[in-house]
Amino acid sequence: MRSGLRRGLLGPQGVVTVLGTLALVLVIVIAPHVWGDAATTTSVADRLDGPSAAHPFGTDDLGRDVLARVLVAARLSVLLALGSTVIAVLGGVVLGVVATVLPRPLRRLVSALIDILLSFPWLLLALFFSVIWGANAIGAMLAVGFAGVPSIARLTYTLASSVADRDYVRAARIAGVGRAGVVVRHVIPNILPPLLVSTAAHASAALLSFAGLSFLGLGVQAPDFDWGRLLREGIARIYVNPMAALGPGIAIVLTGLVLNAIGSLTGETASRTPRRPAGRRARPAKRASAGERPEPAAVVEVEDLRVSFPDAEGRLVERVRGVGFSIRPGETVGIVGASGSGKSVTAMAVAGLLGAEAHVSAAAVRFQGIDMTSAPTAAERSRLGLELAVVFQDPLTSLNPSLTVGRQLTEVSEVHERVPRARARSRARQVLESVGIAEPHRRARQYPHQLSGGMRQRAMIGMGLMGRPRLVIADEPTTALDVTVQRQVLRVLHEARRRTGSAILFISHDIALVSGFCDRVLVMKDGEIVEELEAARLDEARHPYTRALIACVPHMTTDRSRPLPVIGDLAEPDRQDVAEEARA
Amino acid sequence: MTIPPTATTAASLDPKRVSRGDRPVLLRLPPRAAFVLRRIGRALVSLGVVVVATFLIVHLVPGDPVRAALGPSATAELVARTRAELGLDQPAFRQFLDYLSGLLRGDLGVSLRSHRPVAATLAERFPTTLVLACLSFLVSMLGAVPIGVATAVSAWGGRRRMVDAGLSWLLGALIAIPNFLLAVGLIALFGITLKAFPVAGWGGAAEAVLPVAALAVGPMAYLARIVHVEMLTVLGTPYMKTARSKRLPARLLYLRHALPNMITAALTTGGLVLTGLVAGTVLIEAVFVIPGLGSTIVSSITAKDYPMIQGVVLVYAVLVLGLNLLIDLVLATLDPRSSIMEG
């Protein structure tokens with residue numbers, strides 16, 4: 001905490017804050033002594049002068065120097081704002097703590113009352129209270145202070161309630177400490193730091209509110225003056241001398257900024273989190289493949305694919321290192337590998353869906369002859385929308401919660417094939433039925449959260465079937481589902497492939513699942529393909545990693561008294577792999 | 001000795017957890033209807049608190065409110081007569097009943113200063129304030145959503161970091177400047193230096209430009225920041241990846257798929273902003289000399305015209321409560337998951 005404070009103070013923001021605070025305190029202390037006479041001495045000869053060397057902000061209607069008045073007013077303005085803050089914080093803390101200690105029915109009543117008061121803006125509450133305490137400096141200080149009580153009380157109540165639920169407080173209560181004792185000994189010390197932080201922010205708001213009240217003529221009254229009062233006097237003569245109004249305005253804004261900066265500095269040192277530095281960005285090297293013609297025999301062609309992401313320090317880290325493979329029409333290819341092996345990144349590179357932070361380079365990444373490493377043309381976009389479908393891992397988060405299921409299906413046809421809406425709707429119903437969703441009429445009108453998990457994933461597959469899919473990329477499509485639903489989804493995927501002749505790229509960490517579903521399996525580890533083999537000849541795998549993956553799968557004959565084997569490399573996945581998994 | 005925080009000890013220690021969830025259900029209603037009823041009930045309770053508070057104004061003022069209102073030069077006879085006119089010679093409970101029945105009839109009493117019915121003055125002044133607040137709200141919403149969406153889209157995925165940082169600094173500065181100070185700056189620049197717009201009065205479109213700008217800029221910057229953050233969150237969701245996988249044009253991607261998912265958050269903040277705008281009109285009306293509720297409440301507080309104060313405070317409070325209710329109902333209609341209805 002202490003070293004955090006020192007670091008905070010030594011940072012550029014900290015230095016500015018400290019200097020601003022010192023300047024403010026200096027003005028508050030010395031201004032009335034130094035400029036007090038200039039601020040109050042009237043001089044009829046100099047009245048209503050514009051800005052000049054002698055009077056940088058000009059003079060008011062009694063010939064008093066406006067700049068001197070602004071500086072002298074700092075003391076009264078800031079002290080009144082701080083007075084209001086003290087009232088708000090004391091009142092709020094007392095009310096909030098009392099509310100936590102009260103028996104339940106009363107507690108709910110007080111909490112409801114705080115909520116009602118909170119629904120009114122601060123200024124309206126301050127106006128209400130200033131009716132009661134009168135239009136003068138002390139009345140306005142009380143009014144602004146009391147208007148701030150509800151928000152501090154709500155904060156205290158929330159903080160105190162959360163502390164009161166913690167185990168050490170429960171333990172204290174079991175040990176026989178009374179409610180009040182618990183509050184004094186355990187709750188208040190724990191909620192103090194966040195309260196102090198919000199006090200500084202509150203002071204800034206109080207300063208502005210007070211200036212507002214004085215400006216309305218409900219705060220400080222002549223012959224005293226604060227910034228709000230000066231603003232009120234200045235705006236009446238804004239045509240003669242705009243600086244008379246702008247001067248106090250600038251003072252209010254600057255002081256508000258200083259108070260806010262104090263708040264955010266204390267807040268930052270109290271909860272210092274490592275900030276992410278801006279990453280250096282290198283242009284992704286794109287090797288154009290203009291000379292080569294795509295083989296028509298392959299749906300997907302990948303050659304020497306490399307994908308890098310910037311890490312926390314902004315350095316590029318390669319996650320996929322020189323991957324190459326191809327997929328024939330109608331073929332089902334599986335990619336297996338542990339978390340962070342680069343399988344999802346590879347699939348997203350094929351789909352052209354990597355985010356802007358990914359740096360892709362490849363000799364070729366082509367889908368149906370379309371170069372997926374560069375931005376597609378309009379015609380290519382249309383083809384991609386119809387011919388390339390993606391099924392993601394979690395169907396709940398992958399479907400848009402604010403659009404009906406039917407709408408999410410029809411839009412591919414409407415956008416890319418210009419099919420009229422009615423036709424697209426009837427096609428969507430057919431597709432939903434074909435993926436095994438009963439009552440497609442009703443389901444199409446529902447939102448994703450009204451469907452079961454398996455149904456959502458089948459709808460997701462159906463979304464891909466609205467076009468003419470040549471490839472379905474299924475990125476762990478069953479991981480988020482339970483085992484019985486997994487089977488249904490796989491069956492639907494299988495059936496879809498049979499009907500449309502589409503190829504499938506199936507990503508999974510489950511080698512048993514992949515080998516049962518796919519024609520061919522690619523095994524990935526640390527961003528490279530370590531082995532490629534026919535699914536039927538999995539037992540001929542030579543790479544030790546593949547063999548280890550297979551060995552992990554329990555069989556009917558596995559000795560259940562012994563622990564399952566564990567892949568040594570997976571025992572300590574390094575942190576970058578985990579980060580990649582989160583990004584992918 | 002430490003006690004392991006198992007589920008059973010936690011539940012048995014905390015009375016809240018035991019009784020929560022088995023509250024007796026008197027009436028089974030569809031969730032939407034139940035929510036609307038509950039929300040209206042809450043608004044009515046708040047309204048009750050407000051009515052009591054406005055009634056109490058006269059009684060909470062230290063000293064004799066009638067003497068304070070009429071000034072030291074008023075005769076004792078006049079003070080006594082005014083006291084009787086206001087019903088202050090009655091017992092407190094009787095006064096409250098009279099106040100309530102007056103409210104129900106739309107009778108808010110008579111101004112001590114102008115001797116006109118309070119309700120008539122309010123009816124004149126209220127539309128001005130309402131128009132000012134609503135115009136400013138519209139401007140801030142219409143400005144904030146495109147700004148927030150555009151900046152989020154351009155900054156997504158860590159692009160254009162410098163532009164993004166500069167913009168967020170600018171928005172922060174605009175949020176920090178209070179509206180009445182911004183108004184002074186706008187008057188100095190556009191009213192006096194450029195002479196582009198009138199700096200006082202109310203009526204035509206030209207007169208509305210500066211007040212609405214002064215009121216709308218801060219909330220707009222605040223809302224734009226919320227929209228920006230929400231939009232960045234939405235852009236990172238899996239369903240946006242799904243939408244991109246469909247190769248939809250940018251228009252559909254952002255308007256159909258992203259916008260509806262962040263509009264709830266924008267409107268929730270918008271509700272707070274709207275009530276803040278209502279309060280802001282008080283200061284802005286004072287700066288631009290606009291004859292609305294704000295000028296009325298300020299002059300009646302200065303003159304200690306208590307019936308008028310009670311009337312204006314009541315109207316402001318009803319306006320704020322009504323807007324809060326409206327926003328909640330709109331949110332419940334817009335959001336298909338209606339998370340708001342659980343609260």
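**Figure 1. Annotated transmembrane regions of chain B in the predicted model.** The unreviewed UniProt entry annotates residues 40-61, 130-157, 169-192, 212-237, 258-288 and 308-331 of chain B as "transmembrane region". The structure shown is a predicted model. Within residues 40-61 of chain B, 95% of the span is helix and 0% is strand, and 32 Å separate the end C-alpha atoms. Residues 258-288 of chain B are 100% helix and 0% strand, with end C-alpha atoms 40 Å apart.

**Figure 2. Annotated transmembrane regions of chain A.** For chain A, the annotation "transmembrane region" in the unreviewed UniProt entry covers residues 12-35, 78-102, 109-132, 138-157 and 238-262. The span 12-35 of chain A is 100% helix and 0% strand, and its end C-alpha atoms lie 32 Å apart. In the span 238-262 of chain A, helix accounts for 80% and strand for 0%, with 33 Å between the end C-alpha atoms.

**Figure 3. Domains of chain A and the annotated ABC transporter span.** Chain A is split into domain 1, residues 2-271, and domain 2, residues 300-540. The centres of domain 1 and domain 2 of chain A, taken over C-alpha atoms, are 56 Å apart. The annotation "domain: ABC transporter", from the unreviewed UniProt entry, covers residues 300-551 of chain A. This span, residues 300-551 of chain A, is 40% helix and 26% strand, and its end C-alpha atoms are separated by 31 Å.

**Figure 4. The interface of chain B and chain A.** In this contact, 69 residues belong to chain B and 71 residues to chain A. Between them, chain B and chain A bury about 6100 Å², with 71% of that area on carbon and sulfur atoms. There are 13 residue pairs in polar contact between chain B and chain A, counted where both residues are at pLDDT 80 or more. Helix 12 (residues 250-288) of chain B supplies the largest share of the side of chain B that touches chain A, with 12 residues. By residue class, the side of chain B that touches chain A has 44 nonpolar, 14 polar and 11 charged residues.

**Figure 5. A salt bridge between chain A and chain B.** Two salt bridges are found across the interface of chain B and chain A. In the view shown, the side chains of Glu411(A) and Lys246(B) form a salt bridge, with an N to O distance of 2.9 Å. Over all chains the count is 28 salt bridges.

**Figure 6. A salt bridge within helix 9 of chain A.** Arg229(A) and Glu233(A) form a salt bridge in which the closest N and O atoms are 3.7 Å apart. About one helical turn separates Arg229(A) from Glu233(A), because the two are four residues apart in helix 9 (residues 227-236) of chain A.

**Figure 7. The cis peptide bond at Pro223(A).** The peptide bond from Ala222(A) to Pro223(A) is cis, with omega near 10°. Pro223(A) lies in the loop between helix 8 (179-215) and helix 9 of chain A.

**Figure 8. Backbone conformation at Glu439(A).** Although Glu439(A) is not a glycine, Glu439(A) has a positive phi of about 50°. The loop that holds Glu439(A) runs between helix 15 (421-434) and helix 16 (440-444) of chain A.

Methods:
Residues are numbered from 1 along each chain as its sequence is written. Chains are lettered from A and ligands numbered from 1 in the order in which they are written. This is a predicted model: local features need pLDDT of at least 70, side-chain atom pairs count only at pLDDT 80 or more; totals for chains, interfaces and linings use all residues. Side-chain values use heavy atoms; hydrogens and water are left out. UniProt positions are given in the numbering used here, feature names are shortened, and annotations may be inferred rather than shown by experiment. Domain bounds come from an automatic or database domain assignment. Contact means heavy atoms within 4.5 Å. Buried area is the accessible area (1.4 Å probe) that two parts lose on being put together, summed over both. A salt bridge is a side-chain nitrogen of Lys or Arg within 4 Å of a carboxyl oxygen of Asp or Glu. A polar contact is a pair of N or O atoms within 3.5 Å; within protein, one must be able to donate a hydrogen and the other to accept it, and residues adjacent in sequence count only if both atoms are side-chain atoms. Ala, Val, Leu, Ile, Met, Phe, Trp, Tyr, Cys and Pro count as nonpolar, Asp, Glu, Lys and Arg as charged, and the others, Gly among them, as polar.
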